[in-house]
Amino acid sequence: MNLLDYLPGVPDFPKPGILFRDISPLLANPLAFQTAIAQLNTLAQQLDYTHILGIESRGFIFGSALAHHAHRGLALARKPNKLPLVSHRECYGLEYGSDSLELQQSSLPANARVLIVDDVLATGGTIVAASLLLKKAGFTLAGAVTLLEIAGLGGAATLSAKGIVNHSLLIA
């Protein structure tokens with residue numbers, strides 16, 4: 001099964017020059033989704049982690065499915081002003097703008113070794129921001145896994161330069 005067949009590119013979305021990868025067909029096909037999670041689990045097993053951090057919003061889907069599959073706890077990196085308790089915030093750049101993520105301090109135990117999970121690695125900014133959030137909150141980063149790396153945007157090199165171990169299931 002070629003999982004890339006379930007991730008069609010949508011040109012010029014959300015703005016001209018961006019090729020958006022639609023995960024909807026993969027999620028709609030039970031076998032493709034199960035295969036993706038099992039393969040992400042194989043990648044994740046290379047890292048020593050106790051908990052998963054899913055990045056809003058599509059990282060929630062893969063993070064929660066992987067947490068269930070691997071029997072690990074899940075925390076959420078949310079967009080600003082969505083969390084009710086004391087949170088840390090980190091701003092980051094996207095290939096088409098900027099945004100922020102927040103992590104609620106009480107989401108994880110003090111000794112958590114956290115695996116970041118997201119759907120796509122593009123420029124690496126989101127994962128770098130999530131790693132900084134974990135550091136601010138006093139947690140240990142175990143690494144990151146993503147469903148898809150968009151090779152031409154340099155995200156893997158950015159993560160490597162920051163000392164973040166990353167494994168991507170697919171590269172396009």
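# Exercises on strands and aromatic pairs

In strand β9, His167 is the bridge partner of Val145. The structure is a predicted model.

**Exercise 1.** Find the strands that pair with β8, and state in which sense they run.

Solution. Start from the N-terminal neighbour in the list: β7 (residues 113–121) pairs with β8 in the parallel sense, over eight bridges. One position to look at is Leu115, which stands opposite Gly143 in β8. Next take β9 (residues 166–171): β8 and β9 run parallel and are joined by five bridges.

**Exercise 2.** Trace the chain from β7 to β8 and from β8 to β9, and give the handedness of each crossover.

Solution. For the first part, β7, helix α4 (residues 125–136) and β8 make a β-α-β unit, and this unit is right-handed. For the second part, the chain leaves β8, passes through helix α5 (residues 155–161) and reaches β9. This β-α-β crossover is right-handed.

**Exercise 3.** Decide whether strand β8 is largely enclosed or open.

Solution. Strand β8 covers residues 140–149, which is ten residues. A residue counts as buried under 20% relative accessible area. Eight of the ten are buried, so β8 is largely enclosed by the rest of the structure.

**Exercise 4.** How many aromatic pairs does a search of the whole structure find? Classify each by its geometry.

Solution. The search finds two aromatic pairs. One of them is Phe13 with Phe20, with 5.2 Å from centre to centre and 80° between the planes. An angle over 60 degrees counts as edge-to-face, so the pair of Phe13 and Phe20 is edge-to-face. Phe33 and Phe62 have ring centres 5.9 Å apart and planes at 80°, so this pair is edge-to-face. Phe33 lies in helix α2 (residues 30–44) and Phe62 in helix α3 (residues 58–70). The two residues are 29 residues apart, and their pair links distant parts of the chain.

**Exercise 5.** For each ring residue of these pairs, decide: buried or partly exposed?

Solution. The cut-offs needed are under 20% for buried and over 50% for exposed, with partly exposed in between.

- Phe13 has a relative accessible area of 43%, so Phe13 is partly exposed.
- Phe20, at 24%, is partly exposed.
- Phe33 has 21% relative accessibility and therefore counts as partly exposed.
- Phe62 has a relative accessible area of 0%, so Phe62 is buried.

**Exercise 6.** Which residue lies over the face of Tyr49, and at what distance from the ring centre?

Solution. The residue is Arg72, at 4.2 Å from the ring centre of Tyr49.

Note on methods:
Residues are numbered from 1 along each chain as its sequence is written. This is a predicted model: local features need pLDDT of at least 70, side-chain atom pairs count only at pLDDT 80 or more; totals for chains, interfaces and linings use all residues. Side-chain values use heavy atoms; hydrogens and water are left out. Rings of Phe, Tyr and Trp (its six-membered ring) pair if their centres lie within 6.5 Å; planes under 30 degrees apart count as stacked, over 60 as edge-to-face and the rest as tilted. Buried means under 20% relative accessible area, exposed over 50%, partly exposed in between (1.4 Å probe, protein chains only). Helices (H or I, at least four residues) and strands (E, at least two) are DSSP runs, numbered from the N terminus. A charge sits over a ring if NZ of Lys or CZ of Arg is within 6 Å of the ring centre and within 35 degrees of the ring normal. Two strands pair if DSSP finds at least two bridges between them. A crossover is right-handed if, with the strands pointing away from the viewer, the path from the first strand over the helix to the second runs clockwise.
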